[in-house]
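I have my notebook open and a fresh page to fill. Here is what I looked up, step by step.

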Amino acid sequence: MLFRDISPVLADPAAFRVLSDAMAAGLPAGTDAVVAIEARGFILGAAIAYAAGLGLVCVRKPGKLPAVRHRVSYALEYGTATLELPEDTIRGGQRVVIVDDVLATGGTVAATRELVEHAGGVVAGVSVILELAGLKGRARVPGVDVTALLTH
Ligand SMILES: O=P(O)(O)OC[C@H]1O[C@H](OP(=O)(O)OP(=O)(O)O)[C@H](O)[C@@H]1O
Ligand SMILES: Nc1ncnc2[nH]cnc12
């Protein structure tokens, strides 16, 4: 599996703006906040939230937050990963869209969905630049609309 690096795309002013505006325009009506996943998801999530005039919730890797609302660990090919939701970022009933650069196995977005729902939020969608369709990541977030700018 090739590593798909978005660095050159972010470095290009036109590309960065076009993809940020496209992902912001694609947010479902009634979205209250963008949930971005550390680290590459932060870059896109911040641009999209700003473009859409929404708040930004940063789901972080372990050990970075002073106050953690919820923590979820999930299996990787080798070992496990953990993500944490900051306290006081998601209110009950809030509708959020999860943003990341790549959807591969779906483990990361599935864990993030669990964090959001544990805090009483509702995942209205997932938005990524690139979906690696062969890994069937969509199946890990059943019932959630996944939008990918590119599908490989
Ligand atoms: O669908 P999955 O199989 O879970 O893989 C997708 C995740 O992997 C990458 O993040 P990574 O954990 O490598 O961290 P980074 O964003 O800090 O590079 C990518 O940014 C997604 O978050
Ligand atoms: N093939 C891939 N390229 C870039 N980021 C990824 N995250 C998980 N799989 C990836």
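How far apart do the end C-alpha atoms of residues 29-129 lie, and what share of the span is helix and strand? I keep in mind that this is a predicted model. I found the two end atoms 20 Å apart, and I noted that the span is 25% helix and 42% strand.

I picked that stretch from a record: an unreviewed UniProt entry carries the annotation "domain: Phosphoribosyltransferase" for residues 29-129.

**Entry: around the ligand**

Next I turned to ligand 1 and listed its neighbours. I got 13 surrounding residues, and the closest are Lys 61, Asp 100, Asp 101, Thr 105 and Thr 108. Sorting the shell by class gave me 5 charged, 4 polar and 4 nonpolar residues.

Which elements each supply at least two residues of this shell? I wrote down strand E5 (95-103) and helix H4 (107-118). Strand E5 gives the most, with 4 residues.

**Entry: polar contacts**

I then looked up N and O atoms that pair with oxygen atoms of ligand 1. For Asp 100, a side-chain N or O atom is 2.5 Å from a ligand oxygen. For Arg 40, the side chain again provides the N or O atom, at 2.9 Å from an oxygen of the ligand. With Ala 104 I had to look at the backbone: one of its N or O atoms lies 2.9 Å from a ligand oxygen.

How much of ligand 1 does the protein bury? Taken alone, the ligand exposes 500 Å², and the protein buries 73% of that.

**Last entry: the pocket**

I checked the pockets too, and the space that ligand 1 takes is the largest pocket.

Terms used
Residues numbered from 1 in each chain as written. Chains lettered and ligands numbered in written order. Predicted model: local features only at pLDDT ≥ 70, side-chain atom pairs only at ≥ 80, totals over all residues. Heavy atoms only, no water. Near = heavy atom within 4 Å. Polar contact = N/O pair within 3.5 Å; in protein donor to acceptor, adjacent residues only side chain to side chain. Areas by Shrake-Rupley, 256 points an atom, 1.4 Å probe, with all protein chains shown as cover. 1 Å grid on protein atoms, 1.4 Å probe; cavity = no way out; pocket = protein on both sides within 12 Å on 5 of 7 lines; lining within 4 Å. Sits in = over half its atoms within 2 Å of the grid points. Nonpolar A, V, L, I, M, F, W, Y, C, P; charged D, E, K, R; others polar. UniProt positions renumbered as here; feature names shortened; annotations may be inferred.
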